[in-house]
Amino acid sequence: MASSSSKPHHYGTQDGSLCRVCSEFTFDTLERGFELPLPKDLIAPGRDCRLCRFIISEWPRTIRALAQAPSTRLPRLILFLMSGEPDRSFSQDPHEKRLRALSVTNQISGLALVTDYNLREHKFNETGYNILGELAASGGDGDFIIAPNVTDITRRPILAADSEINFERAKDWLNACISQHPQCRKTIARTRVYDAASRPLLPRRVISVGLEDTDTPRLLVCHGKAGRYMALSYCWGDASENPLVTTRSNIEDMQQAIPLASLPKTIQDAIKVTRRLGVEYLWVDSICILQDDSDDFQCESANMGKIYQHALLTIAATSARSSNEGLFKERYTDLEIRSNQTHFVRLPSRPSGENFGDIFLQTHGYPDHHILRPFDAELSNCEWSKRGWVVQERLLSRRILHYASEQLFWECQEGVFAESSDGALPESSLVHSKRSMFNRIVRETTFAAQATAPNHQLQTLRASAYLALDKISDAVGMARWSVEEARHRFWERVVQTYNVCNLTYERDKLPAILGLAQEIEVFTRQTYFGGVWLEDIARGLYWYGSDGNERLKKVEAAGAPSWSWASWKGPLRMATYLAEYDTGRPRITEDMLGRVQGNISHLHDPLKLYAHFWKAEIQDPSLPQQYSPRDQQWIVEDWWTPPSFIEDLYSSFPDWNCCELRGEILETSSSGVYGLVSFDSPDFRHYAGKMLICIILNTVRIKNLQSGISGYGYYQLVVGESMNIPGAYERLGVGISISVASDRIAHGWLGRKAPDTIIALV
């Protein structure tokens, strides 16, 4: 992970203090008008007040003109917050493009800078004011308000992350969630979790933090003890940056006392949060798992799903890129970090000495700048979301308190709440929320799997599950997609998210998602092994890189078998087709399935399956192609394709690491098949002229749009003999092949006959 970030630069108007006049500013004064220093004082050399410099930098010509007004009486500048519709009939200064409403009126729209002197007529107004320009004000919720409600703004100030008000806010969120959110009392498998202190069992080890800041934290071995606990989700960063972890040599000392000052800053802060929320126990991986004991790691990582699901709350160090950055980082707004101009100013919302936080004033007309990053942008851009372990930690946690860069977020089953907002954030602003997608598909899939309703009702539920994910409008065609399809689509999205994430140790590739897979097993009643679902092995084996610009990279340290996506890192796609004939698809041997379900099979054991296959010769990619399947458009014509939807057989097939293949279907009178293969590795040219094995994963009906000829398409896994295990095969890539309609014997044999040949994959 990346090291600590440098301190953001503060631009002009944020530096310096406030002058004697401006130090009296509060947001409440805007309703009756806050009188700024005189124009002649604003242009005086050496002006260090940040509000004064903001005014002069935004309206330089106007302020200088007012300062030079030919009058013994001095013009006044006032900030007003009033209602009404101004007259915008003329401009006082066409050179200042931000000047907006500009006539004599006592009806001021929203927040405005006004003066009692008319520059055009060179005289003072007998009544009303001239509006020099409009401003926007915000308490930090990311949306500028032209006519803000004073009480609303001052109720949502920007405060320090560890302020007393923010601790109280987090406690209110927690108590409300426990008492008012029934969905947050259940795991993703819909198992009830009792949050009362006497009910849930603690993990094997936790940190006993005590309830007072003076208490000495210590490692507690629980031995079946019950109690409420919190969990920490954070980025380790460089492993060498963690000054204190639990090992076999220091575990007894850690049970006596944990030296707080030796812990990384993020863990220190998490201990403080746990105490302030009235909880006595905290689970942190680096302290509660022995870091030099592989057996202990395997045991605890297998329980990770339950640990995060049963935690009362997960504390997320969302903005920290390493364990030494902490939760309570100094807050800089997105505007302060990105802006290189002086069109905003940060001011206290209350007089000095009263800790009510800050507000912002900004010249109206800069919608591209935001005070605070919205929830989705915050999470999609932070290092925390790019950490591999976080995928399951976030999806499994029932409640999460996010310490983001500029405010707190609360995320639970009922929605997302922000420090800058009184209620839940609107669903429209959470379109990229992984939890939203996850909860939706889990609910639909669970209800469908457990339903005992008539078939037409099940079909409706199944259609809803698919529609919720991909918003396909043709519900008639989608009604035949099964619960299995809904589960597959969800798992595909999890894998796509996870496979581009970072891990401190690549050996954690499969363990870091195991807890999530185990919970999915509970409600799907399918068998997980090495990243795939054995009951749906055909689609689990059909995956490939989805981005030609960012190719998959081999991850040797992951220890994953060649047939698993976990052996590679990068953006990928998985099969989205359905088999027309289930009997022709490969299936796991009974012995293999029993060994996995009985937990006596290991990843290094061969994956044994019954499958149809043929031998195919790889054509030399350096020679001119005789006839490429891409030359003509073959479309899929199966029952699950909506009538108005055209799917090209090769539309999503990768065009890198590709070459032709031709082969004969064994035990049939087939005239042969031809197609393309995409190799996982770019080092594939040495396979030219060699015979490889093509395992048929799926058979679909196809039609040539140009000639009208019908035929059959075969999705296949391309394998070669293993160099290490005799009689076993290793994955090389995937392919799609074609045979024409005259080859009906081959199609009938492949599609309708159950395979009986066993192939072992490693």
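## A salt-bridge tour

Start by selecting Glu164, which counts as partly exposed at 44% relative accessibility. Keep in mind as you click around that this is a predicted model.

Now add Arg276 to the selection. Arg276 and Glu164 form a salt bridge, and their closest N and O atoms sit 2.4 Å apart. Colour the helices and you'll see what this pair does: Glu164 belongs to helix α5 (residues 164–180) and Arg276 to helix α7 (residues 265–276), so the bridge ties together parts that are 112 residues apart in sequence. Is Arg276 buried, exposed or partly exposed? Arg276 comes out as partly exposed, with 24% relative accessibility.

Next, pick Asp195 and Arg399. Their side chains meet in a salt bridge, 2.8 Å from N to O. Which parts of the chain does this pair tie together? Asp195 is in the loop between α5 and β8 (205–208), while Arg399 is in strand β15 (residues 399–403), so parts that are 204 residues apart in sequence get tied together. Switch on a surface here: Asp195 and Arg399 are both buried.

For the third stop, go to Asp292 and Arg248. This is another salt bridge, with the closest N and O atoms 3.7 Å apart. Both partners are in loops: Asp292 between α8 (285–288) and α9 (294–302), and Arg248 between β10 (229–233) and α6 (251–256). The two residues are 44 apart, and the pair links distant parts of the chain. With the surface still on, Arg248 is exposed, at a relative accessible area of 54%, whereas Asp292 counts as partly exposed at 34%.

Now try a group rather than a pair. Select Glu35, Arg73, Arg76 and Asp116 together: these four are linked in a network of salt bridges. How many salt bridges does a search of the whole structure find? The search turns up 26, so there is plenty left to click through, given that a pair counts once a side-chain nitrogen of Lys or Arg is within 4 Å of a carboxyl oxygen of Asp or Glu.

Before you finish, colour by confidence. The chain averages a pLDDT of 75, and 70% of the residues score at least 70. Two stretches to select are residues 334–342, where pLDDT stays under 50 and the model has 32 contacts beyond four places in sequence, and residues 365–370, where pLDDT also stays under 50 and there are 14 such contacts. Where pLDDT is low, the predicted coordinates shouldn't be read in detail.

Definitions and conventions:
Residues are numbered from 1 along each chain as its sequence is written. This is a predicted model: local features need pLDDT of at least 70, side-chain atom pairs count only at pLDDT 80 or more; totals for chains, interfaces and linings use all residues. Side-chain values use heavy atoms; hydrogens and water are left out. Helices (H or I, at least four residues) and strands (E, at least two) are DSSP runs, numbered from the N terminus. Buried means under 20% relative accessible area, exposed over 50%, partly exposed in between (1.4 Å probe, protein chains only). pLDDT is the predictor's confidence in each residue, from 0 to 100. Contact means heavy atoms within 4.5 Å.
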